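You asked for a quick read-through of this one before you set anything up. Here are my notes, in the order I'd go through them with the viewer open.

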Amino acid sequence: MVVIKPTDLPPTATVKFFGAGTAACFADLITFPLDTAKVRLQIQGESIATSGSAVVKYRGVFGTITTMVRTEGARSLYNGLVAGLQRQMSFASVRIGLYDSMKQFYSKGSENASIVTRLLAGSTTGAMAVTFAQPTDVVKVRFQAQVRQSNGLKRYNGTMDAYRTIARDEGIRGLWKGCMPNITRNAIVNCAELVTYDIIKELILQYDLMTDNLPCHFTAAFGAGFCTTIVASPVDVVKTRFMNSSTGQYRSALNCALTMLTKEGPKAFYKGFVPSFLRLGSWNIVMFVSYEQIKRCMTKMQHSWESPF
């Protein structure tokens, strides 16, 4: 393995902003089928509880993927990819790319940020990102949950059609459906993901277990993905159910959570846990490893442009 030497040049806020969005899109391209399988498993219990049928269509992450490919074609695994990439470019750029800047803001420029400061920074950028990019998340979830009918009809004909249809049928507020549970989820996810990655990486470097290279980034990202899945899964399931629900099905996100609890029990909040972990774990690894390398590459390029001689 070639050891990647860390650069002495600190990346600017602009480099981090665009680097985070680019790395997140790359991670989404690789892990999107796992995310789609997770959504299908999360909404499956809802249809069973509503209809009273005990028929289970999807069993496990790989069983879900196999069933989707067999019944709907391989392309169904990438339903909502366009909205997903739009989401990551606008979403990850804010929640990940601005995290260090927000951390410095709360710590007043200090290099030694406390846990509270890091949690506060993660919560802030997570909430900012959701408020800005929520419509892309709603459309992505709707496409991933969309099952092709036998008559060939689809809920939406394309990404732009989905935005228009939701705005027309449900109002502009429909594009921000589930915004509050999503803010809650992403504040939790951002704190668990970024703060855990930050701390694990810092400890690895502090105790000289590894240098600031690929294995270090891989280890920190894997740990961050596991911790994030455990903490965020309940809110993620509620968010998915509420975003995909028809008008009037749930009065609020809290009502959705209570309905799940009474009809399906506490285990419902961890439906799709395995694909969630496979997706978040692999997503974190690809995203953080790519992000670290993109930051270094963009910083070197920027430095070479500013100092050509």
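The points below go from the overall fold to the cores, the salt bridges and then the empty spaces.

1. First, the usual reminder: this is a predicted model. The protein chain has 11 helices and zero strands, so read along the sequence the pattern is simply α-α-α-α-α-α-α-α-α-α-α. Of the 309 residues, 52% are buried. Look only at contacts with a separation of 6 or more, and 79% of them join residues 24 or more positions apart.

2. On to the nonpolar packing. The largest nonpolar core has 22 residues, and Ile96, Tyr197, Trp283, Met287, Phe288 and Tyr291 have the most contacts inside it. At least two residues of this core come from each of α1, α4, α8, α9 (214–244) and α11. Helix α11 gives the most, with seven residues.

3. Tyr291 is worth clicking on. Leaving aside neighbours within four places in sequence, Tyr291 is in contact with Lys16, Gly19, Ala20, Ala23, Ile96 and Gly97. There is also a second, separate core of 11 residues, which includes Val139, Tyr163, Ile166 and Leu175.

4. Now the charges. Side chains of opposite charge can pair when their charged atoms come close. A search of the whole structure turns up 22 salt bridges. One of these is between Arg279 and Asp35, at 3.9 Å from N to O. Arg279 sits in helix α11 and Asp35 in helix α1 (residues 13–51), so the pair links parts of the chain 244 residues apart. Are these two residues buried or exposed? Arg279 has a relative accessible area of 9% and Asp35 one of 2%; the cut-off for buried is under 20%, so both count as buried.

5. Asp198 has two partners to look at. With Lys103 the salt bridge is 2.8 Å from N to O. Asp198 belongs to helix α8 and Lys103 to helix α4, so this pair ties together parts 95 residues apart in sequence. With Arg118, the closest N and O atoms are 3.4 Å apart; here helix α5 (residues 115–145) is linked to helix α8, across 80 residues. As for accessibility, Asp198 is buried at 17%, Lys103 is buried at 14% and Arg118 is buried at 6%.

6. Some salt bridges share partners. Asp28, Asp35, Lys38, Arg87, Asp137, Lys140, Asp236, Lys239 and Arg279 are joined into one network that way. If you're checking protonation states, that list and the Asp198 pairs are the groups I have in mind here.

7. The largest pocket holds about 850 Å³ of space. What lines it? There are 29 lining residues, and Asp100, Lys103, Asp198, Lys201 and Lys295 lie nearest the centre. The elements giving two or more residues to this lining are α4 (99–106), α8 (179–206) and α11 (273–306). By class, the lining has 12 nonpolar, five polar and 12 charged residues. Asp198 and Lys103, the salt-bridged pair from point 5, are both among the residues nearest the pocket centre.

8. Then the closed spaces. The structure holds three cavities of 30 Å³ or more, and the largest has about 160 Å³ of space. Its lining has 19 residues, with Arg87, Gln88, Arg185, Arg279 and Leu280 closest to the centre. Helices α1, α3 (81–95), α5, α8, α9 and α11 each give two or more residues. This lining divides into six nonpolar, three polar and 10 charged residues. Arg87 and Arg279, which lie by the centre of this cavity, also belong to the salt-bridge network.

9. The second largest cavity has a volume of about 40 Å³. It is lined by Arg185, Val189, Thr228, Thr229, Ala232, Ser233, Asp236, Ser276 and Leu280. Helices α8, α9 and α11 give two or more residues to this lining, and α9 gives the most, with five. By class, that makes three nonpolar, four polar and two charged residues. Arg185 and Leu280 line this cavity and are also among the residues closest to the centre of the largest cavity.

How values were computed
Residues are numbered from 1 along each chain as its sequence is written. This is a predicted model: local features need pLDDT of at least 70, side-chain atom pairs count only at pLDDT 80 or more; totals for chains, interfaces and linings use all residues. Side-chain values use heavy atoms; hydrogens and water are left out. On a 1 Å grid over the protein atoms alone, a cavity is a set of points where a 1.4 Å probe fits but cannot get out, and a pocket is an open set with protein on both sides within 12 Å along at least five of seven lines; lining residues have an atom within 4 Å of a point. Grid points are joined across faces, edges and corners, and a volume is the space filled by probe spheres set on the points. Helices (H or I, at least four residues) and strands (E, at least two) are DSSP runs, numbered from the N terminus. Ala, Val, Leu, Ile, Met, Phe, Trp, Tyr, Cys and Pro count as nonpolar, Asp, Glu, Lys and Arg as charged, and the others, Gly among them, as polar. A salt bridge is a side-chain nitrogen of Lys or Arg within 4 Å of a carboxyl oxygen of Asp or Glu. Buried means under 20% relative accessible area, exposed over 50%, partly exposed in between (1.4 Å probe, protein chains only). A nonpolar core is a set of buried Ala, Val, Leu, Ile, Met, Phe, Trp, Tyr and Cys residues joined through side-chain atoms within 4.5 Å. Contact means heavy atoms within 4.5 Å.
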